[in-house]
Amino acid sequence: MLDLAIIGGGPAGLSAGLYATRGGLKNVVMFEKGMPGGQITSSSEMENYPGVSEVKSGFDFMMPWQEQCFRFGLKHEMKEVLRVKKIGEHFSIIFSDGSEEQAKAVIVATGGSPKRSGVKGEDTFWGKGVSSCATCDGFFYKDKEVAVLGGGDTAVEESIYLAKICSKVTLIHRRDAFRASPITLERAKNEPKIEFLTPYGIDEICGDDSGVTGLKLKNLQDGSAKEINIAGIFVLIGYNVNNSVFMQEDGTPLCEINEYGQAVVNLKMETNIPGLFAAGDLRKDASKQVVCAAADGATAALGAIEYIEHHK
Ligand code: FAD
Ligand code: NAP
């Protein structure tokens, strides 16, 4: 029986592993289906982690994290978790290959991923002008013109954020009506640096060796074409939360999940199931930043140590 199973090896899972092993738990395994590191390993530049002044690729940034964890005794098994079940006082971790493992406590840190639009040029220029995170990449476009795709709260809120940094933000949405809350929309409409283009779709994201240079757009009402020059485009059309490990055979989740598919936790990263913690991008109200995910992982591990102590 494991003391603690950690599911997911991104910043949240690795930090949980560091704090759990360094905090005295002996038998801790992190189940990560791929290489540890998480989403950030797909980023070419990472410059907003406090205390790390050097700009690094996400991959280089995450490399020392696993070395540090393994030094304190964290074990990594490259396995995909299918589901977590509660059996009496303990948890059963069921893997995609059909095998099973028991644990006293579980931290789920399976993260998520931003949705992609599938527009021509999106994959080619992903990370070279196409981004899904204004907080992460907005600063790279200081005093430059950018565009945002989407009509939800994220797209509109991030347009307001980008307008504080960039010289102009063109907000492109496929309908005239927005999903974003009226008050947020009103704030965006009062921001002189934001231009609304609706109902418009993107035909192609264009660029060259330097990255994105512009967009070919289509008016979805009259079919007319339009081209704009921009240095960056933020695709903010929703987010997939990796919550499938909570789902039981009968389709119900093991713990409380909100309407966005995120795990509902308290400030200790505890779910409503004793001994089950959720940390990082998959939890409710996550800020979706490496530093925040790492802090969640540490908090969850401290909670797990306390839980195991009290259930000896
Ligand atoms: P993740 O990083 O998503 O890690 C989850 C891990 O769980 C993954 O490794 C996945 O393989 C694994 N997993 C999922 N399901 C299973 C399963 N069933 N079984 C086993 N393993 C599983 N943040 C910043 O702070 N600064 C930035 O500059 C920045 N730039 C970014 C650029 C890009 C392109 C992207 C995509 C994100 C960026 N972010 C940035 C956001 C940051 O990467 C995330 O907030 C952070 O990685 C979340 O960490 P996490 O541990 O919660 O989840
Ligand atoms: P969302 O509400 O699902 O909105 C996604 C937007 O992207 C929609 O406007 C949608 O258009 C558009 N879209 C989807 N696929 C597209 C595609 N392939 N091409 C072009 N456009 C596409 O997602 P979100 O904005 O990330 O928000 C997710 C949830 O979090 C929402 O419930 C939101 O209210 C909540 N949230 C809340 C806050 C807050 O309260 N402060 C902040 C952020 C997010 P259509 O409208 O035409 O479908």
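Helices are DSSP runs (H or I) of at least four residues, numbered from the N terminus. In the predicted model described here, helix α2 spans residues 58-71 and includes Gln-66. The relative accessible area of Gln-66 is 10%; because buried means under 20%, this residue is classed as buried. Beyond its neighbours within four places in sequence, Gln-66 is in contact with Leu-14, Met-35 and Pro-36.

A second buried position, Thr-21, is found in helix α1. Its relative accessibility is 8%, and Thr-21 therefore counts as buried. The side chain of Thr-21 reaches the backbone oxygen of Leu-18 at a distance of 3.2 Å. When residues up to four places away in sequence are not counted, the residues touched by Thr-21 are Val-28, Cys-69, Phe-72, Gly-73 and Leu-74.

The surroundings of ligand 1 were examined next. This ligand is surrounded by 31 residues, of which Glu-32, Gln-39, Asn-48, Asp-281 and Val-290 are the closest. Polar contacts to ligand 1 involve both side-chain and backbone atoms. A polar atom in the side chain of Gln-39 is placed 2.9 Å from an oxygen atom of the ligand. A backbone N or O atom of Lys-33 lies 3.2 Å from a nitrogen atom of ligand 1, and a polar backbone atom of Lys-288 is 3.3 Å from an oxygen atom of ligand 1. Ligand 1 taken alone exposes 1000 Å², and 93% of that area is buried by the protein. Two or more residues of the shell around ligand 1 are given by each of the elements α1 (11-22) and α6 (290-310). By class, the shell of ligand 1 consists of 14 polar, 11 nonpolar and 6 charged residues.

Ligand 2 has 14 residues around it, and those that come nearest are Asp-153, Glu-157, Arg-175, Arg-179 and Tyr-260. Side chains supply several polar contacts to oxygen atoms of this ligand. A polar side-chain atom of Arg-175 is positioned 2.7 Å from an oxygen atom of ligand 2. For Thr-154, a side-chain N or O atom lies 2.8 Å from an oxygen atom of ligand 2, and for Arg-174 the corresponding distance is 2.9 Å. The protein buries 66% of the 920 Å² that ligand 2 exposes when taken alone. Charged residues number 5 in the shell around ligand 2, alongside 6 polar and 3 nonpolar residues. Helix α4 contributes 3 residues, the largest share of this shell.

Helix α4 itself covers residues 153-163, and its buried residues are Ala-155, Val-156, Glu-158, Ser-159, Ile-160, Leu-162 and Ala-163. These buried residues pack against helical and strand elements. The helices are α3 (134-137) and α5 (182-189), and the strands are β9 (145-149), β10 (168-172), β11 (194-197) and β15 (232-235).

An unreviewed UniProt entry lists residues 3-297 under "domain: FAD/NAD(P)-binding". Over residues 3-297 the chain is 29% strand and 19% helix, and the C-alpha atoms at the two ends of this range are 16 Å apart.

Conventions. Residues are numbered from 1 along each chain as its sequence is written. Chains are lettered from A and ligands numbered from 1 in the order in which they are written. This is a predicted model: local features need pLDDT of at least 70, side-chain atom pairs count only at pLDDT 80 or more; totals for chains, interfaces and linings use all residues. Side-chain values use heavy atoms; hydrogens and water are left out. A residue is near a molecule or strand if one of its heavy atoms lies within 4 Å of it. A polar contact is a pair of N or O atoms within 3.5 Å; within protein, one must be able to donate a hydrogen and the other to accept it, and residues adjacent in sequence count only if both atoms are side-chain atoms. Accessible areas come from the Shrake-Rupley method with a 1.4 Å probe; for residues, only the protein chains shown count as cover. Ala, Val, Leu, Ile, Met, Phe, Trp, Tyr, Cys and Pro count as nonpolar, Asp, Glu, Lys and Arg as charged, and the others, Gly among them, as polar. Buried means under 20% relative accessible area, exposed over 50%, partly exposed in between (1.4 Å probe, protein chains only). Contact means heavy atoms within 4.5 Å. UniProt positions are given in the numbering used here, feature names are shortened, and annotations may be inferred rather than shown by experiment.
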